[in-house]
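Here is a short tour for anyone meeting this structure for the first time. Have a look at the model, then read on.

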Amino acid sequence: MAKVTILALLGMWALPLFAGSIPDRSCWLRAAAAPDSQVVYTLCEQGGLWATADGGSTWTKRDTGAAERARAMAFLDVKRGFVIGDHGMLLATEDGGMEWQARPLDTKERLMDIAFVGESGWITGYQGVILHSTDGGRTWARQKTGTTQTLETVFFLDASHGWVVGWAGTILRTGDAGKTWEKIVAEKASWSLTSVYFRDAKNGWMVGFAGQILRSRDGGATWQVETSPVRSWLTSVAFDGANRGWIAYDDGLLVSEDGGETWKTVPVGGRFFLAKLLAVNRSLWAIGQSVVLKSSDGLKWSRIESLVPGGTVPPNTRTATGPTTR
């Protein structure tokens, strides 16, 4: 498939999850946030929000009122959160998602990702847009990036050190909270990049189209290719508390049990079009067509049955104990 065709698919990977999350509207799970060990929010592309306060046993439906496609979400704590989307949309809540207000931004571009470290936040988007807030998201200012490529995702290890990746192998890094962004040229980054993660200031990974996995040992200055067992679109990369690396993709997960040196496939019992890995308490969740919870042994994953497509679950239903093919 040509690059231009693949680029045109960005933002269109998710499939319907809930037929009735918001009246007369479908739901494509797009993002998630876990501001504490029990509270988790999952975001529908159409603007709906699903929230749990008991680690996924029960869920409530809320609505952000989004008039544009919602693409990403971040919460500073259990009350304060943000949703971003197309045409410069920024919505804010201060009561855990019950009420949302629009916040003005100096851009009308599609916004792709948002991340916070304490009260400092960053938003990335089309045309090389990076916006920065120093006051918990109340005000935002542009940062100079030196690129017009779409910036897919942002990751900050602390309030100073961050990395952004995007289309056509674009890689940016900063050591001063984004006052200056350095463009990194990596010849091996031949396809567009979807996700970046740094375990510490030196060791990082990024993934993207065509099974692309790249590894840095010097803070992102240089990148080396790692062998991928699949050629699928890799959508998210993260590490768990046991130093296992995880990568999400359409058909399942990849895992590394040697600190990110080698990768192998892990079946999850179905094709869930996984798109986001999220640390929740001591485990990782994978967000896609459903929510998949990592089990206690670290390698088996099970589906959270309290959140099911187009249906309801009895109040006492708990998380499944093994993989499911539904």
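## The largest pocket

A pocket is found on a 1 Å grid over the protein atoms alone: it is an open set of points where a 1.4 Å probe fits, with protein on both sides within 12 Å along at least five of seven lines, and its lining residues have an atom within 4 Å of a point. Grid points are joined across faces, edges and corners, and a volume is the space filled by probe spheres set on the points. In this predicted model, local features need pLDDT of at least 70 and side-chain atom pairs count only at pLDDT 80 or more, while totals for chains, interfaces and linings use all residues. Residues are numbered from 1 along each chain as its sequence is written, and side-chain values use heavy atoms, with hydrogens and water left out.

The largest pocket holds about 1,100 Å³ of space. It is lined by 43 residues, and those closest to its centre are Asp113, Ile114, Val154, Lys276 and Leu277. By type, the lining has 31 nonpolar residues (Ala, Val, Leu, Ile, Met, Phe, Trp, Tyr, Cys and Pro), 5 charged ones (Asp, Glu, Lys and Arg) and 7 polar ones (the others, Gly among them).

## Strands around the pocket

The protein chain has 1 helix and 30 strands; these are DSSP runs numbered from the N terminus, with at least four residues for a helix (H or I) and at least two for a strand (E). Several strands supply at least two lining residues each, including strand 3 (29-33), strand 15 (151-156) and strand 27 (276-280). Which strand gives the most to the lining? That is strand 11, with 6 residues.

## A sheet of four strands

Strand 15 also belongs to an open sheet of 4 strands, in the order 15-16-17-18 with antiparallel pairing. Two strands pair if DSSP finds at least two bridges between them. At the edges, strand 15 and strand 18 (182-184) each pair on one side only.

Inside the sheet, strand 16 (residues 162-166) and strand 17 (residues 171-174) run antiparallel and are joined by 4 bridges. One residue to look for is Trp163, whose bridge partner in strand 17 is Arg173.

## A tryptophan in the loop

Trp167 sits in the loop between strand 16 and strand 17. Is Trp167 buried or exposed? Trp167 counts as buried because its relative accessibility is 14%, and buried means under 20% relative accessible area with a 1.4 Å probe, protein chains only. Gly208 is 41 residues from Trp167 in sequence, and their C-alpha atoms are 9.4 Å apart in space.

Methods
Buried < 20%, exposed > 50% of the residue type's maximum accessible area, 1.4 Å probe, protein only.
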